[in-house]
Amino acid sequence: LAYIKGAKAGSMHHAGLDDVSSDELQAIIKEKLRSTYIYNMSHLHEHNVTKFSIIIETESKDGHPFRLMAALDYRPDDNVLRLVTLY
């Protein structure tokens with residue numbers, strides 16, 4: 001989360017997520033995974049990782065919809081879903 005808030009501060013600000021906690025961001029991502037499309041899915045056999053993206057739509061501070069692309073990877077060996085970047 002520290003990386004996302006630092007490297008993607010502008011996007012986080014426009015999305016109204018400046019003060020989001022790790023738990024809150026996890027909840028947003030989980031909800032989107034349950035109810036949305038997955039994009040650009042691919043599997044890296046050499047690392048046993050599946051990469052994919054989802055779109056998160058929020059309401060910006062000025063009340064307009066704002067979309068972010070969340071890039072994630074899933075590691076079945078560890079049963080871990082990891083946020084790679086958010087833009």
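Ser53 is found in strand β2 of what is a predicted model, and the strand that holds this residue, spanning residues 49-59, runs antiparallel to strand β3, residues 65-75, with 10 bridges joining the two. β3 in turn pairs with strand β4, residues 80-86, again in the antiparallel sense, over 6 bridges. The points below take up these strands, two residues of β2, and the largest pocket, to whose lining β4 gives two or more residues.

**Strand pairing and turns**

- Between β2 and β3 the hairpin has 5 residues, and within this hairpin Gly63 takes a positive phi near 90°.
- The hairpin formed by β3 and β4 has 4 residues between its strands, and Asn79, which sits in the turn, has a positive phi of about 55°.
- Ala70 has Leu86 as its bridge partner in β4, while Ala71 is the bridge partner in β3 of Ser53.

**Ser53**

- Ser53 has a relative accessibility of 7% and therefore counts as buried, because the cut-off for that class is under 20% relative accessible area.
- Apart from neighbours within four places in sequence, Ser53 is in contact with Tyr37, Ile38, Tyr39 and Asn40, and also with Met69, Ala70 and Ala71; the last of these, Ala71, is its bridge partner in β3 as well.
- Between the C-alpha atoms of Ser53 and Tyr87 there is a separation of 11 Å, the two residues being 34 residues apart along the chain.

**Thr58**

- Thr58 also has its place in strand β2, and its relative accessible area of 15% makes this residue buried.
- A contact at 2.8 Å links the side chain of Thr58 to the backbone oxygen of Ala15.
- When residues up to four places away in sequence are not counted, Thr58 touches Ala15 and Leu17, together with His64, Pro65 and Phe66.

**The largest pocket**

- The space in the largest pocket comes to about 340 Å³, and 14 residues line this pocket, with Gln26, Ile29, Leu81, Arg82 and Leu83 lying nearest its centre.
- The elements that give two or more residues to this lining are α1 (2-7), α3 (22-35) and β4, and the largest share, 6 residues, comes from α3.
- Sorted by class, the lining of the largest pocket has 10 nonpolar residues, alongside 2 polar and 2 charged ones.

Technical notes. Residues numbered from 1 in each chain as written. Predicted model: local features only at pLDDT ≥ 70, side-chain atom pairs only at ≥ 80, totals over all residues. Heavy atoms only, no water. Pairing = 2+ DSSP bridges. 1 Å grid on protein atoms, 1.4 Å probe; cavity = no way out; pocket = protein on both sides within 12 Å on 5 of 7 lines; lining within 4 Å. Points joined across faces, edges and corners; volume = space filled by probe spheres on them. Nonpolar A, V, L, I, M, F, W, Y, C, P; charged D, E, K, R; others polar. Buried < 20%, exposed > 50% of the residue type's maximum accessible area, 1.4 Å probe, protein only. Polar contact = N/O pair within 3.5 Å; in protein donor to acceptor, adjacent residues only side chain to side chain. Contact = heavy atoms within 4.5 Å.
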